[in-house]
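Let's walk through this model together, one question at a time. Keep the viewer open as you read.

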Amino acid sequence: MIEKIWFENHPVKYLLWPLLWPLSQLFGVISRSRRIKYQSNVKPSYRAPVPVVVVGNITAGGNGKTPVVIWLVEQLQALGYKPGVVSRGYGAKAPSYPLVVGDDTPTQHCGDEPKLISKRTGAPVAVSPKRSEAVNALLPMGVDIIITDDGLQHYALERDIEIVVVDGVRRFGNESLLPLGPLRESVARLAEVDLIITNGGKALQGEAAMTLKPDQVINLKTGQRANISTIREQLVAMAGIGHPPRFFKTLESLGAKPTYQQGFADHKDFEPSELEQLANKGKHLIMTEKDAVKCASYAKDNWWYLPVSAVFSPSDEARILNMIKEVKEKYGSPSA
């Protein structure tokens, strides 16, 4: 219901307005005060000895940050850099922090997005509520640039470049701060960032347009790749991401019409029996790559995931990478 208030102008907002508006104003006062304290050095912040690129957003929920992080890491690796990724590890709880993600790290300890980034790119990934600790865990591994997955509002870590990812369809909803609207910070904050990436929809002037290109589906248990056309009969779809309808529309664009689809809360920790029951509603079960890293250990033969990759125009691709190169040159040349 809350997202209907945020993005669909649902009439119930008029009933909740007397409660949500004061809380929204209080949220704004607290968040602005916190930022000012870091900017004025009342609260200490950490400056890393390597460039820091923040990929975040000003809204709650998923906008496509993780595909952008993966794209950046892969592009920088191809250029000879050694990027590392730091994350809060939302929803996870590790025995101790900082935690460097490995092949055997449970998603319950590191979170689904850090696990996905580590598996997909092979880059060093570290998780900690204090991102400075995560950065320092990666420095001995030879990283020469840090990408943060989320963290635009984590002002305890200084940054060289701020990239904001925007849902091009939903944009900023009613443009109110939490909890009345989806905003973590006001839209005025966008004037201060280095780049806005628009995921889907129509990019405004100055924004970099991004699309998510789907690949072949991959079997969770065997790793087999296949065209989605081979499994679309009696297909059941699920997505535990910030905006599940985006995944379902991607399936439709590929010609797949699931007989049943189920959206879950972002970062949901699934129970095996829950997914087995869902899979029994059809012949094949398909999910996002982020969901797949959480349930690969107990996957069945008919469970599949659909990986997607960020795609930019050549001009936007060059603009993004040149911006990072310019900052990197101030710190030193790429590693050999």
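## Strands, cores and surface

β1 and strand β5 (residues 145–149) pair in the parallel sense, over four bridges. Please bear in mind that this is a predicted model.

Q: Which residue of β5 does V54 stand opposite?
A: Start from the pairing of β1 with β5, which is parallel. Within this pair, the residue of β5 opposite V54 is T148.

Q: How many bridges join β1 to strand β6 (residues 161–167)?
A: These two strands run parallel. One place to look is V55, which stands opposite I163 in β6. The number of bridges joining β1 to β6 is four.

Q: Is strand β1 (residues 52–56) largely enclosed or not, and how many of its residues are buried?
A: Buried means under 20% relative accessible area. In a regular strand, side chains alternate between the two faces of the sheet. In β1, V52, V54 and G56 point one way while V53 and V55 point the other way, and all are buried. The strand is largely enclosed by the rest of the structure because the buried residues number five of the five.

Q: Which helix gives the most to the largest nonpolar core?
A: That core has 37 residues, and those touching the most other members are L72, I147, I163, I197, I320 and I324. With seven residues, the helix that gives the most to this core is α3 (residues 65–78).

Q: How many residues make up the other core, the one with V54 and V135 among them?
A: This core lies apart from the largest one. V143 and L183 are also among its members. Its number of residues is 23.

Q: Which residues is I147 in contact with, leaving aside its neighbours within four places in sequence?
A: I147 is one of the residues that touch the most other members of the largest nonpolar core. Leaving aside those sequence neighbours, its contacts are V53, V55, V69, L72, V73, L76, G84, V85 and V86.

Q: Is T198 buried or exposed?
A: T198 is found in strand β7 (residues 195–199). Not counting residues up to four places away in sequence, T198 touches V166, G168, R171, A203, E207, A208, A209 and M210. The cut-off is under 20% relative accessible area. T198 has 1% relative accessibility, so it counts as buried.

Q: What is the relative accessible area of L26?
A: L26 has its place in helix α2 (residues 13–39). Together with L19, L23 and I30, L26 makes a nonpolar surface patch of about 390 Å². L26 is partly exposed, and its relative accessible area is 48%.

How values were computed: Residues are numbered from 1 along each chain as its sequence is written. This is a predicted model: local features need pLDDT of at least 70, side-chain atom pairs count only at pLDDT 80 or more; totals for chains, interfaces and linings use all residues. Side-chain values use heavy atoms; hydrogens and water are left out. A nonpolar core is a set of buried Ala, Val, Leu, Ile, Met, Phe, Trp, Tyr and Cys residues joined through side-chain atoms within 4.5 Å. Buried means under 20% relative accessible area, exposed over 50%, partly exposed in between (1.4 Å probe, protein chains only). Contact means heavy atoms within 4.5 Å. Patches are made of residues with over 30% relative accessible area and no salt bridge: like charges are joined within 9 Å, nonpolar side chains (Val, Leu, Ile, Met, Phe, Trp, Tyr) within 5 Å. Accessible areas come from the Shrake-Rupley method with a 1.4 Å probe; for residues, only the protein chains shown count as cover. A salt bridge is a side-chain nitrogen of Lys or Arg within 4 Å of a carboxyl oxygen of Asp or Glu. Two strands pair if DSSP finds at least two bridges between them.
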